[in-house]
Amino acid sequence: MELVISVLDANDNAPQFNQTVYKVQLPENAAEGTLVALVNATDPDEGINSEVTYTATNFVPLSGRDIIAVNPKTGEISLTGALDFEEVTVFNFRIEARDKGTPPLSGHCSVELEVLDVNDNAPEVWVTSLSVPVPEDASVGTVVALLSVSDRDSGANGRVRCAVWPAAPFGLVSTFAGSYSLVLREALDRERVSEYEVEVRAEDGGSPSLRGRRGVRVPVSDVNDNAPAFAQAVYTVLARENNAAGAELARLWARDPDEADNGRVRYSVWEGGVGGVASAGGGWRPASSYVSVDAESGRLWALQPLDYEEVQVLQFEVRAVDAGEPPLCGNATVQLFVVDENDNAPALLPAGSGGPGPGVSGEAASGALWAVSFSEEATSGATGK
């Protein structure tokens, strides 16, 4: 008699993976649904004892649970979320293969997913310190601002080059990794440029490269480096004699391109200058006894009526002084010509008084009386007896 003995399967074999460790690399810009890996576990048992289901466990870091999933039937591991190299560079987790036997048996493998950097972050520039305004007499090399530059990418993608635009009058000096100083490269002149809009530009070494920029406003403060300057070195003024006291003779103006007190000008008749005339009595009278200038407006006006027979030409200097510290000044010469008017009637003089003076004939000189006019038109001769 032949006996056929059928050996019934018992679930005595755990599923076995073909690899104990799966190492995978994916760029951080991999799309959702991308296949990470396909794991496979075999079980030599039969029937349900060999049917395997897959689950993912032991995520490090835990955020991997929201990004990575495994198909329980096929063992396909795929992305369910976005990767970010700047957040997590490596995910570690385990895949468990469990059969459906009673009791169930399981096998395990490890998966290491390395996230590769992609140049997806532009450089960032911050101003950490700013010393403004900058005085226009600041020396070359003065530090205007401190800046910090960084790029979250790694390798060449995170290697940053910096430059400043426009290239003058400022420059960049690297102090240490990721830090720069914005320094003065050329002398400033507020009267030419009172404010600069500087842009610090950063470019990484990725391909294609990404750029970042930061604007810096640098105002220039005034220094009293400009003296008041008159439009003319010499002013010629004509004034008719017998003008009223307080009459305006002229207006002088000196330009000072500085600002605030440095450009605020006050005017005066400079007593230290050569100015004045000899009076009819033989003494010396300064110009300030005839004219004055308004300190604020530069209006030149007469202190008293002018007399051509006393003074024909009055020359003096007007000084313009700004309110800076130290104050600067400028001078202009004023030549005031008094225009004669016929304001003197002829006068009869006795013959013994010396005669009419030169220009009168000897015959006329024998008379007893002389008619003399003191006006300009009469000085060319005298007649009458």
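How much accessible surface does the protein have, and what share of it belongs to carbon and sulfur atoms? The accessible surface comes to about 21300 Å², and 52% of that belongs to carbon and sulfur atoms. Keep in mind as you explore that this is a predicted model. Welcome to a protein with 30 strands and 0 helices!

**The whole protein**
- If you look for helices you will find 0, while the strands number 30.
- Of the 385 residues in the protein, 36% are buried.
- Take the contacts with a separation of 6 or more: residues 24 or more positions apart account for 66% of them.

**A helpful idea before the strands**
- Strands of a sheet pair through backbone hydrogen bonds, and the pairing can be either parallel or antiparallel.

**An open sheet of 3 strands**
- Here, 3 strands form an open sheet, and their order is S20-S26-S25.
- The pairing in this sheet is antiparallel.
- Its edge strands are S20, covering 248–251, and S25, covering 291–293, and each of these pairs on one side only.
- From one strand to the next, the twist averages 20°.
- To follow one pairing yourself, start with S20 and S26 (residues 299–302), which are joined in the antiparallel sense over 3 bridges.
- Ala 250 is a good residue to find here, and its bridge partner in S26 is Leu 300.

**Strand S16 and its two partners**
- Strand S16 spans residues 195–204 and runs antiparallel to strand S13 (residues 160–165), with 6 bridges joining them.
- Within S16, Arg 201 stands opposite Ala 163.
- S16 also runs antiparallel to strand S17 (residues 211–221), and 9 bridges join these two.
- Look at Glu 197 next: its bridge partner in S17 is Arg 217.
- S16 and S17 form a hairpin, with 6 residues between the two strands.

**A nonpolar patch on the surface**
- Which residues make the nonpolar surface patch of about 620 Å²? They are Met 1, Leu 3, Ile 5 and Val 7.
- You can locate Met 1 in the segment before strand S1, which covers 16–17.
- Is Met 1 buried or exposed? Met 1 counts as exposed because its relative accessible area is 95%, and the cut-off for exposed is over 50%.

Methods: Residues are numbered from 1 along each chain as its sequence is written. This is a predicted model: local features need pLDDT of at least 70, side-chain atom pairs count only at pLDDT 80 or more; totals for chains, interfaces and linings use all residues. Side-chain values use heavy atoms; hydrogens and water are left out. Two strands pair if DSSP finds at least two bridges between them. Helices (H or I, at least four residues) and strands (E, at least two) are DSSP runs, numbered from the N terminus. Axes are lines fitted to C-alpha atoms, for helices over the stretch in contact, and angles run from 0 to 180 degrees between N-to-C directions. Patches are made of residues with over 30% relative accessible area and no salt bridge: like charges are joined within 9 Å, nonpolar side chains (Val, Leu, Ile, Met, Phe, Trp, Tyr) within 5 Å. Accessible areas come from the Shrake-Rupley method with a 1.4 Å probe; for residues, only the protein chains shown count as cover. A salt bridge is a side-chain nitrogen of Lys or Arg within 4 Å of a carboxyl oxygen of Asp or Glu. Buried means under 20% relative accessible area, exposed over 50%, partly exposed in between (1.4 Å probe, protein chains only). Contact means heavy atoms within 4.5 Å.
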